[in-house]
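This report walks through a few local features of one protein model, taking a loop, a helix and a group of aromatic rings in turn. Please keep the sequence and the structure in view while reading.

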Amino acid sequence: AAAALIPSISRGAVIAAEVGLVVLAFQRGRRAGLTGVVLAILFLAVVFPRIIDWRLSITFGPDLQLAHQALDESSGWRLDTLVAGLKLFRDNPIFGVGLGQFHYLSPKYLDPSVAITYSHNEFMDVIAEQGLLGVGAYSMMLLGIGWTLLRSAAPGVRGLLALFAVFLVASLTTEPVSSLQTIGIFWILLGVGLASALAAGARSWPSVEGASIPGGAAPTAGGI
């Protein structure tokens, strides 16, 4: 799946996929994880830029300078929308501007030359559209999911942890929660995985004698 993203030259998607692979590698051991980090950095620094040039040459022809100017302009627009999102939050800090309203209200804070009005950042959408109340609720949800997966002894949880990591990183460059076509399968898999994780219980903590304590409860001072 990660390889299928490469020709799209979606930098955010490729980085998110790389993070997911690194998370999987770390679950096989520290050495595997560090090796994964090194390989991911080498790929992103050396290989992927050449793939981008190849893909851009198909769309823009041999004039890669023009192609990179277009990419830089797009990146600049995205930064402009993030600044607009902060201004929307500044003006509506408690409740935000309302779900789905970023696209309609951001032009108020954007230069007319900016061709995009979406934030392309799920976290910024939550901040601007739902304010501090939404940020608190969304943060609690994410922390709850992460904590449940980290403590779970259910089979397959390693893959779900990697998938959750991909979701978090991808959210920096897109708005997956508000798009059913990009997030529907994720929530289905995550829901099934969380149900399995809760049914399986938490990972066991080692006790003083070396026996495990079921349910993940840590030994108390009275039990030592």
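A polar contact is a pair of N or O atoms within 3.5 Å, where, within protein, one atom must be able to donate a hydrogen and the other to accept it. The model discussed here is predicted, and every value below is computed from it.

**A loop residue and its partners**

Glutamine 27 sits in the loop that separates helix H2 (11-26) from helix H3 (30-60). A polar atom of the glutamine 27 side chain lies 3.1 Å from the backbone oxygen of arginine 158. Leaving aside residues up to four places away in sequence, glutamine 27 touches Arg158, Leu161 and Ala162.

**Helix H3**

For the 31 residues of H3, a rise of 1.5 Å a residue predicts a span of 45 Å, and the end C-alpha atoms are 43 Å apart, which agrees. H3 nevertheless bends by about 40° at valine 47, and proline 49 follows within four residues of that point. The buried residues of H3 are Gly33, Gly36, Ala40, Phe43, Phe48, Ile51, Ile52 and Leu56, and these buried residues pack against H2 and helix H4 (64-91). Just after H3, glycine 61 adopts a positive phi of about 85°.

**Aromatic rings**

Searching the whole structure yields six aromatic pairs. One of them joins phenylalanine 167 and tryptophan 187 in an edge-to-face arrangement, and this pair links distant parts of the chain, with phenylalanine 167 in helix H7 (residues 157-170) and tryptophan 187 in helix H8 (residues 180-200), 20 residues apart. Phenylalanine 186 and tryptophan 187 also form an edge-to-face pair. The geometry of these two pairs is set out below.

| Aromatic pair | Centre to centre | Angle between planes |
|---|---|---|
| Phe167 and Trp187 | 5.8 Å | 65° |
| Phe186 and Trp187 | 5.0 Å | 65° |

Ring pairs connect Phe164, Phe167, Phe186 and Trp187 into a cluster. Which of the words buried, partly exposed or exposed applies to tryptophan 187? Tryptophan 187 is partly exposed, because its relative accessible area is 29% and that class covers values between 20% and 50%. Phenylalanine 167, by contrast, has a relative accessible area of 4% and is therefore buried, and phenylalanine 186, at 8% relative accessibility, also counts as buried, since buried means under 20%.

Definitions and conventions. Residues numbered from 1 in each chain as written. Predicted model: local features only at pLDDT ≥ 70, side-chain atom pairs only at ≥ 80, totals over all residues. Heavy atoms only, no water. Helix = DSSP H or I, 4+ residues; strand = E, 2+ residues; numbered from the N terminus. Contact = heavy atoms within 4.5 Å. Phe/Tyr/Trp six-rings, centres within 6.5 Å; stacked < 30°, edge-to-face > 60°. Buried < 20%, exposed > 50% of the residue type's maximum accessible area, 1.4 Å probe, protein only. Expected span 1.5 Å × (residues − 1). Bend = angle between axes of the 7 residues up to and from the residue.
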